[in-house]
Amino acid sequence: MSPTDENTTVVIIGSGVAGLTLGNFLLRSGIDCVVLERQRREYVEQRQRAGVIDSRAAQMFREWGLEDRVVGGVPFEPVLNFRIDGETRPFRYVTDDLGGGRFCPQQMLVRNLMDVFVGDGGDLRFEAENVELEDITGPRPRVRYRDSAGVTRTIACDFIAGCDGDHGVSRASIPEEELTRHSHEYGYAWLTVLADAPAKHQSLMAIHDRGFAGQFARGPQASRFYLQCPLDTAVEEWTDDRIWEEIEARFGEPVAVKGRISSKTLVPLRSVVHAPMSHGRLYLLGDAAHIVPPMSAKGMNLALHDADVFAAAVLKQVKEQDTTLLEAYSATCLKHVWNYQAFAAWFTDLMHDAGDVSYRGEFRRRLARAEFQRLYDSETTNRLFGEFLTGLN
Ligand code: APR
């Protein structure tokens, strides 16, 4: 065997939250794995993304003995702050949850997961280029890549975990006819803006006839703002002045500190599910398998759920030679994914339909307003909403 040919149990492609969480769970269970990441470490650590760790995910880290080491950020209160037509209407939800949910920027979780994985002796290789998957339906698939020194290496393994996001190589390695893509476009985008402007609340969401607006704290001095806008809007049309004007109009109150705006990007809202989530010995996790609209704050939590299910399934196979959980992996995850896609679609429609009628009309607006009011009037609805927010159903 050449020194560039290696063996392991699981090759994990991608070191985002899905890949690193899986890597840590396997490492703690004594199962060999190698994580291959295309980018440099600094890039992965600094990639800015929103993040909410729901109670289910916090509980999962607790059960794997990692909560104290990886879950950071501030605990979230069971309250959502809404501004409806310029009026403040806080919504407190009833929950049996014992807590644990956190506002934790994704890069904070990724950094913690990376420190723990590398610190505990995990094998994480950055700048892995030209990753190729071979023989994924055979008994011993291989992953070939070019390492940071330009040497081509091959790792044979029992399983490949495709944790490389929506544009990765893993899903693209599955023949098209073996996968079904279910998708839904919401018909609008979010202009997302990062600004040096302290937030009064952890989160603030506005329903207004000019469209949805959101503000989420990013540390004590900065906020990320979201403004619903048409899909064909050009980011260049959004000058800083126009952004502040629109934020103030939709929230119906002045912004105290209009600091520097450091980034503006456009995100079309969509839901996507690829099924099944496995092919041969390749298993898809996280964004590689599904995308939820950001309104739901469930993208990261779904990725974490996949890692939990897959790690437990590999463990069962390796320790007990029992393949039942692996065979059920796709069905188990998809059941959960569709439940949360349903929640995400409902909440996304609600928050946008209730505002600007130019997208879906007056009838939808009135339905959305009635549903919104029901959150306050019906304890049953309130409780169900709380179950979804905490991730406990
Ligand atoms: N080879 C190796 N690594 C790759 C490749 C490739 N061909 N393509 C992508 N990657 C890496 C990316 O650089 C990234 O570090 O895979 C990783 C994928 O990580 P994420 O995009 O964070 O995906 P995931 O771990 O599934 O996390 C899902 O991300 O987009 C958010 O809302 C989403 O919170 C959710 C989370």
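Strand β6 (residues 79-84) and strand β7 run antiparallel and are joined by 6 bridges. The model behind this description is predicted. Within the ladder, N81 has P90 of β7 as its bridge partner. V79 is matched with R92, again in β7. The hairpin of β6 and β7 has 2 residues between the strands. In that hairpin D85 takes a positive phi near 50°.

The two strands belong to a wider sheet. It is open, has 8 strands and shows mixed pairing. The strand order is β7-β6-β15-β16-β17-β14-β18-β21. Strands of a sheet pair through backbone hydrogen bonds, and the direction can be parallel or antiparallel. Which strands stand at the edges? They are β7 (87-92) and β21 (290-291). Each has a single partner strand, so one side of each is left without a neighbour in the sheet.

**Aromatic contacts**

The structure holds 24 aromatic pairs. Two edge-to-face examples are set out here.

| Pair | Centre to centre | Angle between planes |
|---|---|---|
| Y188 and Y359 | 5.5 Å | 80° |
| F310 and Y329 | 5.5 Å | 75° |

The pair of Y188 and Y359 is edge-to-face. This pair links distant parts of the chain, 171 residues apart. Y188 sits in strand β14 (residues 180-195), while Y359 sits in helix α9 (residues 357-377). Strand β14 is also a member of the open sheet, placed between β17 and β18 in the order. Is each tyrosine of this pair buried or partly exposed? Y188 has a relative accessible area of 2%, so Y188 is buried. Y359 has a relative accessible area of 25%, so Y359 is partly exposed.

The pair of F310 and Y329 is edge-to-face as well. Here the link runs between helices. F310 lies in helix α7 (residues 299-320) and Y329 in helix α8 (residues 324-353). The pair therefore ties together parts that are 19 residues apart in sequence. Both F310 and Y329 are buried.

Ring pairs also build a cluster. Its members are F82, F91, Y340, F343, W346, F347, F372, Y376, F385 and F388. F82 falls within β6 (residues 79-84), and F91 falls within β7 (87-92). The hairpin strands thus return in the cluster, because F82 and F91 are both linked into it by ring pairs.

Charges sit over two of the rings. The charged end of R89 is over the ring of Y376, 4.0 Å from its centre. Y376 is one of the cluster residues. Elsewhere, R242 lies over the face of W238, at 3.7 Å from the ring centre.

**Enclosed and open space**

How many cavities of 30 Å³ or more are there? The count comes to 1. The largest cavity has a volume of about 50 Å³. Its lining consists of G16, V17, V44, R47, R49, Q106, Q107 and V110. By class, that lining divides into 3 nonpolar, 3 polar and 2 charged residues. Helix α5 (residues 106-119) gives the largest share, 3 residues.

The second largest pocket holds about 230 Å³ of space. It is lined by 14 residues. Nearest its centre lie K200, Q215, P254, V255 and A256. The lining of this pocket has 10 nonpolar, 2 polar and 2 charged residues.

Note on methods: Residues are numbered from 1 along each chain as its sequence is written. This is a predicted model: local features need pLDDT of at least 70, side-chain atom pairs count only at pLDDT 80 or more; totals for chains, interfaces and linings use all residues. Side-chain values use heavy atoms; hydrogens and water are left out. On a 1 Å grid over the protein atoms alone, a cavity is a set of points where a 1.4 Å probe fits but cannot get out, and a pocket is an open set with protein on both sides within 12 Å along at least five of seven lines; lining residues have an atom within 4 Å of a point. Grid points are joined across faces, edges and corners, and a volume is the space filled by probe spheres set on the points. Ala, Val, Leu, Ile, Met, Phe, Trp, Tyr, Cys and Pro count as nonpolar, Asp, Glu, Lys and Arg as charged, and the others, Gly among them, as polar. Rings of Phe, Tyr and Trp (its six-membered ring) pair if their centres lie within 6.5 Å; planes under 30 degrees apart count as stacked, over 60 as edge-to-face and the rest as tilted. Helices (H or I, at least four residues) and strands (E, at least two) are DSSP runs, numbered from the N terminus. Buried means under 20% relative accessible area, exposed over 50%, partly exposed in between (1.4 Å probe, protein chains only). A charge sits over a ring if NZ of Lys or CZ of Arg is within 6 Å of the ring centre and within 35 degrees of the ring normal. Two strands pair if DSSP finds at least two bridges between them.
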